[in-house]
Amino acid sequence: MELEKLVEENEYLIEKFNIKAYYNKKDYAVVGALCALEVTNEVQKFFSATLNKNKDISEKLMHLYGLLQSLFVSIDGLYELAYLVSGSKKFININQNKDLRNLKHIRNDVVGHPANRNTRSKEAAYCILDKNSITNAKFNYLICKDKEIVEKEVLLLPLVNAYYEETNSLLKSLLNISNLNIGNEHIILLLNNLLKKYPYSDFLVDLGKIYNDYLEKHFNKEVRNRFVYRYNLIIKINSFNKIEIDKNLKDDVIYLQLTKLYNIISSKEVNKVRRSNIIKACYRFMRKNLDLYNDRIYLCDLSHPYFNETLNKFIKRANGNEQVLYYFDILAKLANLNESDLVYAYALPLKNFKKS
């Protein structure tokens, strides 16, 4: 897509966010991030509009500095917006995009710390911009160290295009999440109250009311909906009776799914966790067997080729630990029944185990 169209699409997506609703919620962090993206987009818009214009050296320098700094600020704004709207720092990862990762380094070289550029090796480095090389399309600069001098050429148009393609894709996803979050205050309050009281005998009645309120506002039958999936999974966990499962373990597993529902519709994550004696025993087991840490994720996916091998490895290692063996026996029985959703649900507490 041409740069001009990418810039226009970016402006359109930013304006589609309901900034007024965030103002009314006094969620100024989201407002600030969106406004920062709106302002920096104006800088990039100027770059697009003046690509073919002749400039003197002072204009070129102002143009270059403004562009690199605005793109850097934009990426910071995206990080913040992604975290605030999605509730997860994992939603955006600059390091997965080579061009945006390079953009961050280029800005730090040229604009951020040219006279004192730190490197991974802690060796002093200095950036020398070749101002005579600056054109609308590219520029060159040197990174000078005691033992070497590296010349770098930066092509501006591919860099800016990469930023917009990544950003616009991310903004579309965040906009969908934002539209779900806006106006959810009533549902969030009900779900928060349910979490505070859980477990109790008729929690499904309250959960059903929350579910119906959610459907009335959000449900699109043409789209796989995470909230609906999690709700149906809770119903299945609660009603499943083909094998006998410890009530406290079942309560833990349901509570974890309830927190997932909360995280879907709220920008804040639930920090409180429930841990029955069985889960506590599994966590102690993991701390003593950290070499199994990376393998635990395979237990969440019954279709994974390593599932059976991993489960057998864990069972063998847990020899003599009754509570941990009971937990893995539940996973094995669910797997034998081909209950992939329940295998996922019961393995999730172990997946959530952290080393520290």
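**Notes on a predicted model: cores, charges and loops**

1. At 10% relative accessibility, E339 counts as buried, and since this is a predicted model, that value, like the others below, describes the prediction. The side chain of E339 meets that of K242 in a salt bridge, with 3.8 Å from N to O. The pair links distant parts of the chain, as E339 sits in the loop between helix 13 and helix 14 while K242 sits in the loop between helix 9 and helix 10, 97 residues apart. K242, for its part, counts as exposed, because its relative accessibility is 59% and the cut-off for exposed is over 50%.

2. The residue just before E339 in the numbering deserves a look as well, for N338 is also found in the loop between helix 13 and helix 14. Its phi is near 60 degrees, which is a positive value in a residue other than glycine. With a relative accessibility of 58%, N338 counts as exposed, whereas E339 is buried at 10%.

3. How many salt bridges does the structure hold? There are 13 of them, and one is formed by D109 and K152, whose closest N and O atoms are 4.0 Å apart. Because D109 lies in helix 5 (residues 98-112) and K152 in strand 3 (residues 149-155), this pair ties together parts that are 43 residues apart in sequence. D109 is buried, at 5% relative accessibility, while K152 is partly exposed at 33%.

4. A salt bridge within one helix is formed by D329 and K333, and here the closest N and O atoms are 3.2 Å apart. These two residues are four places apart in helix 13, so about one helical turn separates them. Both ends are partly exposed, D329 with a relative accessible area of 32% and K333 with 36%. Elsewhere, E11, E42 and K45 are linked in a network of salt bridges.

5. Which charged residue is buried yet has no salt bridge? It is R230, a residue of helix 9, and the nearest side chain of opposite charge, that of D341, is 9.2 Å away. The side chain of R230 does make a polar contact with the side chain of Q257, at 2.9 Å. If neighbours within four places in sequence are left aside, R230 is in contact with Q257, K260, L261, I264, Y344 and L348.

6. The largest nonpolar core has 64 residues, and those that touch the most other members are L258, L299, Y327, F328 and Y346. At least two residues of this core come from each of helices 7, 8, 9, 10, 11, 12, 13 and 14, with helix 10 (247-265) giving the most, namely ten residues. Y346 shows how these contacts spread along the chain: not counting residues up to four places away in sequence, it touches I237, I245, L249, K250, V253, Y327, I330, L331 and L334. There is also a second, separate core of 48 residues, which includes L64, I75, I143 and L174.

7. A cis peptide bond joins Y198 and P199, and its omega is about 5 degrees. P199 has its place in the loop between helix 7 and helix 8. Y198, the other partner in this bond, is 57 residues from Y255 in sequence, although the two C-alpha atoms are 7.4 Å apart in space. Y255 belongs to helix 10 and is buried, with a relative accessibility of 3%.

8. What is the count of disulfides? The count comes to zero. For C127 the reason can be followed directly, because its sulfur is 8.2 Å from the closest cysteine sulfur, which is in C144, and this is too far for a bond, the cut-off for a disulfide being sulfur atoms within 2.5 Å. C127 is buried, with a relative accessible area of 9%, and C300 counts as buried at 9% too.

Note on methods. Residues are numbered from 1 along each chain as its sequence is written. This is a predicted model: local features need pLDDT of at least 70, side-chain atom pairs count only at pLDDT 80 or more; totals for chains, interfaces and linings use all residues. Side-chain values use heavy atoms; hydrogens and water are left out. A nonpolar core is a set of buried Ala, Val, Leu, Ile, Met, Phe, Trp, Tyr and Cys residues joined through side-chain atoms within 4.5 Å. Buried means under 20% relative accessible area, exposed over 50%, partly exposed in between (1.4 Å probe, protein chains only). Contact means heavy atoms within 4.5 Å. Lys and Arg count as positive and Asp and Glu as negative; His and the chain ends are not counted. A polar contact is a pair of N or O atoms within 3.5 Å; within protein, one must be able to donate a hydrogen and the other to accept it, and residues adjacent in sequence count only if both atoms are side-chain atoms.
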